[in-house]
Amino acid sequence: GTAPGRVLVGTTANAFYALEPATGKTAWRWLTGADVIGGDGDRDAVFFTSLDNILRAVNRGNGNQRWIGRVATRPALPPRLVSSLQTAVYDPVVLVTGVTPDLQTFNAKTGEPLGMYTAPSELQGGLLVDPQLRPYQVAAVAVTRNGQVVGLRPTAMLLAEPTLTPPSSGLPGRPLERERLPAR
């Protein structure tokens, strides 16, 4: 994988490396509990998964850990970083494809799990992902081994109605006394 100013390399020796592209020297390295699948990143952070079902976010420059998340299924492909056009409104999303037909998403800034999608059957290869998420439009296309094509929209961006909160100053009107039923 790549991130601006870095070449990202996962290994079967339980290590993840960020290399300087001009010299090939190691900028930093991370030891993990299992083989590393691969990574993706932007100018601030790098995200990588390993076969111990862990997704890590680290600083692109020095490799210091930002957060760590548990993936529900064994990752099959490197994570994908996608973001919205309104990055001030929506945080970027990390998408992890699992061995089982599960796709799991995480908030790239906090590591909070956002959602999971289970495909109708096993996936054939990786997802086709639009790198710029747009509300109400297909953002990812999955092809399953039985020939189905599934389009996924970023539902977290569908601008749902805000949740109702009770008024803080109390309800209008006057309190009512509880009615007593006559004794029989």
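This note sets out numbered points on the predicted model shown above.

1. Basis of the note. Residue numbers start from 1 in each chain and follow its written sequence, and side-chain values rest on heavy atoms, with hydrogens and water left out. Because the model is predicted, local features need pLDDT of at least 70 and side-chain atom pairs count only at pLDDT 80 or more, while totals for chains, interfaces and linings use all residues.

2. Overall composition. The protein has 16 strands and zero helices; both kinds of element are DSSP runs numbered from the N terminus, with at least four residues for a helix (H or I) and at least two for a strand (E). Of its 184 residues, 39% are buried. Here buried means under 20% relative accessible area, exposed over 50%, and partly exposed in between, with a 1.4 Å probe and protein chains only.

3. Contacts and surface. Among contacts in the protein with a separation of 6 or more, 33% join residues 24 or more positions apart, a contact being heavy atoms within 4.5 Å. The accessible surface is about 11300 Å², and carbon and sulfur atoms account for 53% of that surface. Areas were computed by the Shrake-Rupley method with a 1.4 Å probe, and for residues only the protein chains shown count as cover.

4. The nonpolar cores. The largest nonpolar core holds 12 residues, including Val82, Leu103, Ala119, Val129 and Ala142. Strands E10 (93-97), E15 (140-143) and E16 (149-152) each give this core at least two residues. A second, separate core has 11 residues, among them Phe47, Val71, Val96 and Ala108. A core is defined as a set of buried Ala, Val, Leu, Ile, Met, Phe, Trp, Tyr and Cys residues joined through side-chain atoms within 4.5 Å.

5. Alanine 142 and leucine 152. Both residues belong to the largest core. Alanine 142 is found in strand E15 and counts as buried because its relative accessibility is 1%. Beyond four places in sequence, alanine 142 touches Leu123, Leu127, Gln148, Val149 and Val150. Its C-alpha atom is separated by 8.8 Å from that of valine 129, 13 residues away along the chain. With neighbours within four places again left aside, leucine 152 is in contact with Leu103, Tyr117, Gln137, Val138, Ala139 and Ala140.

6. Valine 138. This residue sits in the loop between strand E14 (132-133) and E15. Valine 138 is partly exposed because its relative accessibility is 46%. Outside a window of four places in sequence, valine 138 touches Gly151, Leu152 and Arg153. The C-alpha atoms of valine 138 and glycine 151 are separated by 5.8 Å, with their positions 13 residues apart along the chain.

7. Threonine 49. Strand E6 contains threonine 49, which is buried, with a relative accessible area of 0%. Not counting residues up to four places away, its contacts include Val36, Ile37, Ile54, Leu77, Pro79 and Val96. Val96 is also one of the residues of the second core.

8. Two asparagines with positive phi. Most residues other than glycine have a negative phi. Asparagine 14, however, has a phi near 60°, and asparagine 53 has one of about 65°. Asparagine 14 lies in the loop between strand E2 (6-10) and strand E3 (15-19), whereas asparagine 53 lies in the loop between E6 and strand E7 (54-59). Asparagine 14 counts as partly exposed because its relative accessibility is 26%; asparagine 53, at 18%, counts as buried. Beyond four places in sequence, asparagine 14 touches residues including Trp30, Thr32, Asp35 and Val36. The C-alpha atoms of asparagine 14 and leucine 51 are 9.1 Å apart.

9. The second largest pocket. This pocket contains about 210 Å³ of space. Its lining has 12 residues, and those closest to its centre are Asp42, Arg43, Asp44, Pro92 and Lys109. Strands E6 (45-50) and E9 (80-84) each supply at least two lining residues. The lining divides into five nonpolar, two polar and five charged residues; Ala, Val, Leu, Ile, Met, Phe, Trp, Tyr, Cys and Pro count as nonpolar, Asp, Glu, Lys and Arg as charged, and the others, Gly among them, as polar. On a 1 Å grid over the protein atoms alone, a pocket is an open set of points where a 1.4 Å probe fits, with protein on both sides within 12 Å along at least five of seven lines, and lining residues have an atom within 4 Å of a point. Points are joined across faces, edges and corners, and the volume is the space filled by probe spheres set on them.
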